[in-house]
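Here is a short briefing on one protein chain and its ligand. Look through the structure first, then take the points by topic.

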Amino acid sequence: MATRIAASPKKTLVDHIRVLARPLNSVPSSITAAVPGQFAAFEEKHEPAPTGPSPPIDLSDPGRLFASVPTTRLIHSVANLHAAAVDPLVDLGIKVMTSRLVTGTGPARDIVIGAVKRTFYKHFCGGEDTVEAAETVRQLNEAGLRGMLDYAVEDAEDNPSCDQNLEAFLQTVASTKTLPQGCVSFVIVKITAICPISLLQRVADLLRWQKKNPEFHLPWKHYSYPILSDSTPVYHTPAEPEPLTPQEEANLLLAQERLRRIGKKCEEYNIPLCIDAEYTAVQPAIDYFTYSSAMEHNKHEPIIYGTLQAYLKDAKERLLLKSEAAQKMGILMGVKLVRGAYMTTEAKLAHSLGYESPIHNSLQETHDCFNNCASFMLEKIAGGSGAVVLATHNVESGQLAAMKARDMGMSSGNHRLEFAQLYGMADSFSFGLKNAGFRVSKYMPFGPVDQVMPYLLRRAEENRGLLSASTLDRQLMRKELWRRLRTAIL
Ligand SMILES: Cc1cc2nc3c(=O)[nH]c(=O)nc-3n(C[C@H](O)[C@H](O)[C@H](O)COP(=O)(O)OP(=O)(O)OC[C@H]3O[C@@H](n4cnc5c(N)ncnc54)[C@H](O)[C@@H]3O)c2cc1C
């Protein structure tokens, strides 16, 4: 049997570290014993085993992978992904999207927005409002996938914009009722959209200072899971911060109330809420919000999911601390596991303050951390005390996790295990996972075109170059289009 953390409440942090240190490609001892040598081959190299049962995700047959995708959609996808891989085109697109042509007013703006809407926006976003987003989710569902609804707003500066965003989030939760049960897997919230960013920075500073000086008193702070670990960098806060002013405390209560309202509505509608992770300057405050909310809503089912970024050196340690605390409190732990998207920002900030980056020194260390954390969470699921969204486009990580899940008997639609990719990215991987019997979601931002522009710019950056994340998709889609053409002609 697998090591089941929940089944053994007396386990110490050291025991958990041992479990976490075990790579994703390792298997429960009884399985290893039953099929000796089968997994040893990739224990060190992190490669799929050359022998033994075939890997669960089969990407070799584009006809099967894209069976539910209409030809027009395939042509559109190939064209967009191909354009996004041509560097000069991406440079031009980024220039146009950040120019006054878009930020200003007038007919030129309408033309550019219209062009973006028909191309890039249509590929990466679910629509302008909840009605269009619901229609896109319906189409995803017909193809066997689910939708994570992300009303795409970026940082809010003040209470009125936070309130406006709150209404949009509540409307998003309500819109899930217009769809058949299960079509929407999660509603996504960014805490930076419901709490003024300057306040989040202040709260994060105060939490860091308290980590450095445990007797430093924070009158507004309620009991929460541990937010920072001993290895979490605290260089962002070099001197003792001023306490929150009465106005800031009042604003903090308002922001917590906003999250409480969203969480309550999600619980009422039985739709899990996933809170995105951002950069380390504000992440401790985001975790404080997330864990307080999880303590309130995750007693019977994991309604609130936080996000863990495996590219951070302290990721494993924080996962263990959090898991121990959740277990002690009898709370189910929901985690969205990602590699992390703010690498340049983090490295630049640390460097400017004379510290080393909080991100793993090599990409392989990030991969290992992601795979180990995924392994840990799969064992939590097996023990009945956790739930995970493995949010990745990395086929190897997916293959390893799928293999472990299959070996633990979890492959056929376990509702505590979800794989997720961004809408418009890694579609072949999503279909491969779905064909292997897993629950798979597309993280789908929606909102007015100009509001979604920062997200589109990030997608443009991520997909640029011939070796981008979309290369496999483009190859498989082109193959499938040729196959369909040949079938139509012959
Ligand atoms: C559904 C979903 C939700 C997401 N939500 C969030 C979120 O809330 N917060 C967030 O921050 N991100 C989020 N992301 C983005 C995610 O963090 C990654 O940026 C993105 O998915 C690429 O990672 P990957 O797992 O797909 O792996 P890959 O395709 O293998 O990408 C690996 C990339 O990791 C980077 N990298 C990480 N560590 C290192 C290192 N030490 N050295 C060099 N390069 C390194 C490199 O850019 C590399 O290209 C989300 C992604 C998905 C699919």
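A residue counts as buried if 20 or more other C-beta atoms lie within 10 Å of its own. By that count, six of the six residues of strand β6 (residues 386-391) are buried, so β6 is largely enclosed by the rest of the structure. The model is predicted.

**The chain as a whole**
- The protein chain has 19 helices and eight strands.
- Of its 490 residues, 44% count as buried.
- Among contacts with a separation of 6 or more, 78% come from residues 24 or more positions apart.

**Strand β6 and its partners**
- Both faces of β6 are covered.
- Gly386, Val388 and Leu390 are buried on one side. Ala387, Val389 and Ala391 are buried on the other.
- Strand β5 (residues 333-338) pairs with β6 in the parallel sense, over five bridges.
- In that pairing, leucine 337 stands opposite leucine 390 of β6.
- β6 and β7 also run parallel, joined by four bridges.
- Here leucine 390 stands opposite phenylalanine 419 of β7.
- Leucine 390 thus has a facing residue in each pairing: leucine 337 and, in β7, phenylalanine 419.

**Around the ligand**
- The ligand has 25 residues around it.
- Asp276, Thr366, Ala391, Thr392 and His393 come nearest. One of them, Ala391, is also among the buried residues of β6.
- Three elements give two or more residues to the shell: β4 (304-309), α15 (363-382) and β7 (417-422).
- β7 gives the most, with three residues. This is the strand that joins β6 through four bridges.
- By class, the shell holds 13 nonpolar, ten polar and two charged residues.

**Helices α4 and α7**
- Two packed helices are described by the angle between their axes and by the distance between the axes.
- Helix α4 (residues 71-85) and helix α7 (residues 107-124) pack at an angle of about 100°. Their axes are 10 Å apart.
- Angles of 65 to 115 degrees count as roughly perpendicular, and α4 and α7 are therefore roughly perpendicular to each other.
- From α4, the contact is made by His76, Ser77 and Asn80. From α7, Thr119, Phe120 and His123 take part.
- The contact of α4 with α7 has one nonpolar residue, five polar residues and no charged residues.

Technical notes
Residues numbered from 1 in each chain as written. Predicted model: local features only at pLDDT ≥ 70, side-chain atom pairs only at ≥ 80, totals over all residues. Axes fitted to C-alpha atoms, helices over the stretch in contact; angles between N-to-C directions. Parallel < 35°, antiparallel > 145°, perpendicular 65-115°, else oblique. Contact = placed C-beta atoms within 7 Å. Nonpolar A, V, L, I, M, F, W, Y, C, P; charged D, E, K, R; others polar. Near = placed C-beta within 6 Å. Buried ≥ 20, exposed ≤ 12 C-beta atoms within 10 Å, placed from the backbone. Pairing = 2+ DSSP bridges.
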